[in-house]
Amino acid sequence: MADVRPSPQHAAAPTISADGASGNGILRTLFRSELGGHEQVVLCQDRASGLKAVIALHSTALGPGLGGTRFHPYAGHEQPEEAALLDALNLARGMSYKNAMAGLAHGGGKAVIIGDPDKVKTEELLLAYGRFVASLGGRYVTACDVGTYVQDMDVIARECPWTTGRSPEQGGAGDSSVLTAFGVFQGMRASAQHLWGSPTLSGRTVGVAGVGKVGRILVDHLLQDGARVLVTDVRPDAVERVRAEHPEVEAVADTAALVRAEGLDVYAPCALGGALDDATVPVLTAKAVCGAANNQLAHPGVEKDLSGRGVLYAPDYVVNAGGVIQVADELLGFDFDRAKAKAAKIFDTTLSIFERAATDGVPPAAAADRIAESLMAAGPSGGEV
Ligand SMILES: NC(=O)c1ccc[n+]([C@@H]2O[C@H](COP(=O)([O-])OP(=O)(O)OC[C@H]3O[C@@H](n4cnc5c(N)ncnc54)[C@H](O)[C@@H]3O)[C@@H](O)[C@H]2O)c1
């Protein structure tokens with residue numbers, strides 16, 4: 001068992017001084033109001049397994065915090081622990097907004113395990129982590145994120161009942177990419193409805209950047225709907241796999257070429273964050289952006305640049321919520337059809353955001369934030385999105 005009780009004081013233990021650089025930095029970070037005032041942050045250490053983790057709970061206003069566990073080394077950072085803490089805080093806050101907009105009875109939480117998963121991930125470490133999550137008594141529910149997989153959740157679940165995203169063999173929902181892609185497709189249909197008056201991508205050209213787990217399923221939906229599809233990926237094998245299944249899909253050299261493609265109607269970022277930056281927005285040929293990637297806006301203000309160019313932006317955390325809807329359903333005993341029906345509502349939610357944006361005279365990203373904040377302020381009985 002990991003010892004999750006407070007350690008006794010030792011006279012010889014080094015003291016983190018209140019005005020020392022790291023102590024002061026961490027405290028400042030925790031109470032920084034622009035990060036949204038987190039409810040609880042837990043620093044976890046298990047010496048036997050080498051576990052070092054941060055669990056951040058941003059809000060439990062709508063229910064237990066739900067969000068994945070990221071396993072990442074933060075190696076390039078001068079202060080990896082502080083970088084991990086900041087990441088956990090920002091990711092937890094993002095989950096509050098995503099879960100609220102998805103209509104889930106969940107608040108926002110997220111955890112980060114510090115370390116290179118290929119080097120330090122062991123069963124012992126995951127079990128110790130599970131005990132820390134369990135020690136929160138259900139205030140935080142964990143799931144997969146970058147660096148953690150369904151098999152890891154199966155291990156964590158042995159110590160912690162507040163674990164989701166497990167394998168189907170263990171009664172879990174399995175890979176969340178299926179409903180993530182389905183939800184993004186619903187957001188794209190809503191974008192088409194708003195721009196062109198019809199909820200279909202038929203006859204439109206859609207560029208998908210990143211054809212990994214989500215992107216390649218999105219391609220299937222788009223082709224079935226009658227769209228022309230362009231794809232790009234840094235991994236040639238990912239592109240080849242899609243083209244082997246669908247020879248009609250056109251490959252583009254890279255994302256820089258894709259965003260400039262003539263006749264592009266919709267750009268779907270499905271790779272990494274920061275896809276919409278100062279270099280991309282001015283050259284974007286698409287009329288709409290709707291994709292799975294998290295944190296697509298490279299910095300605050302990009303959403304205004306997109307609106308200024310007349311590009312309709314479907315907020316990332318609204319349209320990519322299919323995955324969290326899937327793992328939230330697992331907590332009830334997974335029912336794919338029920339989860340899919342909930343993910344289908346992303347169509348109406350996205351449309352309502354475009355309408356609110358037009359009414360308030362703000363970009364859709366700002367309208368989504370406003371709606372999510374009012375849902376959190378209203379609490380669990382606040383009603384539907
Ligand atoms: N999987 C989910 O359920 C889920 C849920 C919500 C959000 N997301 C987000 O959606 C995005 C895609 O997730 P995924 O599960 O498909 O990941 P993935 O790793 O399976 O696929 C990402 C693909 O993007 C490619 N890629 C990386 N950098 C690129 C670049 N510069 N240009 C073009 N392609 C590039 C990779 O080679 C890979 O094929 C991520 O940002 C993820 O955080 C995923």
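Q: What joins β9 to strand β10 (residues 288–289)?
A: Two bridges, with the strands running parallel. Strands count as paired when DSSP finds at least two bridges between them, so this one qualifies. One match you can look for is Y267, which stands opposite V289 in β10.

Q: How should the numbering and the model be read?
A: Residues are numbered from 1 along each chain as its sequence is written. This is a predicted model, so local features need pLDDT of at least 70, side-chain atom pairs count only at pLDDT 80 or more, and totals for chains, interfaces and linings use all residues.

Q: What makes something a helix or a strand, and how many are there in the chain?
A: Both are DSSP runs numbered from the N terminus: H or I over at least four residues for a helix, E over at least two for a strand. The chain has 15 helices and eleven strands.

Q: Why are β8 and β11 called edge strands?
A: Look at the order first: six strands form an open sheet, β8-β7-β6-β9-β10-β11, with parallel pairing. β8 (250–251) and β11 (312–313) each pair on one side only. For β8, that pairing is with β7 (residues 228–232), parallel over two bridges, and L230 stands opposite E250 there.

Q: What does β9 pair with, besides β10, and in which sense?
A: Strand β6 (residues 205–209) pairs with β9 in the parallel sense over four bridges. Within that pair, V206 stands opposite V266.

Q: Why is β4 (residues 107–114) said to be largely enclosed?
A: A residue is buried if 20 or more other C-beta atoms lie within 10 Å of its own, exposed if 12 or fewer, and partly exposed in between, with C-beta atoms placed from the backbone. Eight of the eight residues of β4 are buried, so the rest of the structure largely encloses this strand. G107, G109, A111 and I113 point one way, while G108, K110, V112 and I114 point the other. For the whole chain, buried residues make up 48% of the 385.

Q: Which strands pair with β4, and are they parallel or antiparallel?
A: β2 (residues 51–59) is antiparallel to β4 over six bridges, and L57 has G109 as its bridge partner. β3 (residues 65–72) runs parallel to β4, also joined by six bridges, with F71 opposite I113.

Q: How do you know that the buried residues of α13 (residues 336–344) sit on one side?
A: A339, K342 and A343 are the buried ones. They cover an arc of only 100 degrees around the axis, taken from the directions from the axis to the C-beta atoms, which puts them on the same side of α13. The face turned away from them carries the exposed residues D337 and A341. The cover over the buried residues includes α6 (177–196), α12 (322–330) and α14.

Q: Why is α14 called roughly perpendicular to α15?
A: The axes of α14 (residues 346–360) and α15 (residues 364–378) come within 8 Å and cross at roughly 105 degrees. Axes are lines fitted to C-alpha atoms, for helices over the stretch in contact, with angles running from 0 to 180 degrees between N-to-C directions. Under 35 degrees is roughly parallel, over 145 roughly antiparallel, 65 to 115 roughly perpendicular, and the rest oblique, so this crossing counts as roughly perpendicular.

Q: Which residues of α14 and α15 make the contact?
A: Contact takes C-beta atoms, placed from the backbone, within 7 Å. On α14 they are I353, F354, R356, A357 and D360, and on α15 P364, A367, A368 and I371.

Notes
Contact = placed C-beta atoms within 7 Å.
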